[in-house]
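Thanks for sharing this one. Here are a few notes to read alongside the model, starting from a single residue and working outwards.

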Amino acid sequence: MNHPSRPSAPRTALISAIALAAVLTACSAPGESDSDTQSDSGPIKIAVVNARSGQLSSLGEWEYKGAKLAIDEWNKKGGIAGRKIEMKSFDDQGDPTTGTNLARKIDSENYIAMIGTAESAVTIAMAPVLRQAEIPNIASGQADGLVDLGSPFLFLNGPTSTTYDSTLAKYLVENKGYKKIAMITNNGSFGKGEHDAFAKAAKDLGVTPVTDQVVTTDQKDFSAALTTIRAKKPQAIFIGSEEVEAGLIVKQARDLGITVPFAGAAPQGTPVFIDTAGKEAAEGTIVSSPYLSNDISPAAQKFAAAYKAAYDEEAELHGAKAYDGTNILLTALKNSDVATGKELADAIRATAYDGLLGQFKYGPDGVGITETTIGVIQDGKLVEQK
């Protein structure tokens, strides 16, 4: 009787190894397959997260375009260590819950860093997930609450509300001589940060607002708050709200006969604010910003020309911030030989960068730049206040 021959020991071991590999592959958790893993030779995966829909979508568009411009420039020069930089845009819809879910997705899909968001509330919601995953995040929000998180993986590509508003308060009180200042802010993370920063700065200068009005982030009718402000006869009105809402507030204020200047931070220097308020209503608005125009330096002129060539539109602050932040990240990746996690975060913190907004040098708090200048809207454009 013939018996089938038995496989040799080496062959048995090989079959067992193949079977084990098959089992392990079948049991891999989602997002852990070889195709999702950031290799040492494939593309460098960077996520860009911002609102690409909804009322804050203008921020997302500017941020995306600024980040993409920087990445395209690096890729044209060969990428980093011969590796292409791969950027993917995610829409957080301006919603913290959506942002938190996207943070988990970014972790599961092995992105090694994130640019964004421009919305402080969304960044704050995402931060714990990104911190646990050790994914460095260079964000464009300015609320002091971002710094209060104390995350070693969170960096800002611009100043905080404290810097914006202390510079603004000093100008209004000391340079303009205003003592009667009204405040109107919203109750979101950005608005609260603006409210607290300006109120403290004004108090330090011996000024108490004649009225302090707080509205909601989704409010459309501001007549009650503005009527109260009008009755107080202020010399200027501080506004702490994103550009669309701020534009509506200013438009309605002018309709109520309020003629004094408004003053604010980054949102009040944007084309969306001016378009929403109307050119005539926005005239004379005082703005604290680290990037007043595309003509402030040769570097800004070069950036603006490249932005115009790429997108056929004028560059502004938010695109410049994202461009700076992305360049800082890519410089840190180059200097660290494409490090990840804590090593990449340390490399970002060690990166001194001469950017469009100024000289970046990061401290332990993740803030790299602490200066703004004063501009004013004249004839529909933000220009430096001479």
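1. A good place to begin is Ile-348: apart from its neighbours within four places in sequence, it is in contact with Pro-136, Ile-138, Phe-155, Ile-328, Leu-329, Ala-332 and Tyr-362. Please keep in mind that this is a predicted model.

2. Where does Ile-348 fit in the largest nonpolar core? This core has 53 residues, and Ile-348 is listed with Phe-303, Leu-329 and Leu-333 as having the most contacts inside it. Two or more residues come from each of S1, helix H2 (57–76), S2, S3, helix H12 (298–311), helix H13 (317–335) and helix H14 (341–349). H13 contributes the most, with 8 residues.

3. There is also a second, separate core of 25 residues, with Ala-225, Ala-246, Ala-281 and Ile-377 among them. In soluble globular proteins, nonpolar side chains tend to be buried together.

4. Now to the sheet, which is open, has 5 strands in the order S2-S1-S3-S4-S5 and shows parallel pairing. Strand S2 (85–91) and strand S5 (154–156) are at the edges with a single partner strand each, so one side of each lacks a neighbour in the sheet. On average, neighbouring strands are turned by 25° against each other, direction ignored.

5. Within that sheet, S1 (residues 44–50) and S3 (residues 113–115) form a parallel pair over 3 bridges. Ile-46 has Ala-113 in S3 as its bridge partner.

6. Two helices are worth a look here. Helix H3 (residues 96–108) packs on the sheet and touches S1, S2 and S3, its direction making about 155° with that of S2. Helix H4 (residues 120–133) lies across S1, S3, strand S4 (137–139) and S5, and runs at about 170° to S4.

Notes
Residues numbered from 1 in each chain as written. Predicted model: local features only at pLDDT ≥ 70, side-chain atom pairs only at ≥ 80, totals over all residues. Heavy atoms only, no water. Pairing = 2+ DSSP bridges. Helix = DSSP H or I, 4+ residues; strand = E, 2+ residues; numbered from the N terminus. Axes fitted to C-alpha atoms, helices over the stretch in contact; angles between N-to-C directions. Contact = heavy atoms within 4.5 Å. Core = buried A, V, L, I, M, F, W, Y, C linked by side-chain atoms within 4.5 Å. Buried < 20%, exposed > 50% of the residue type's maximum accessible area, 1.4 Å probe, protein only.
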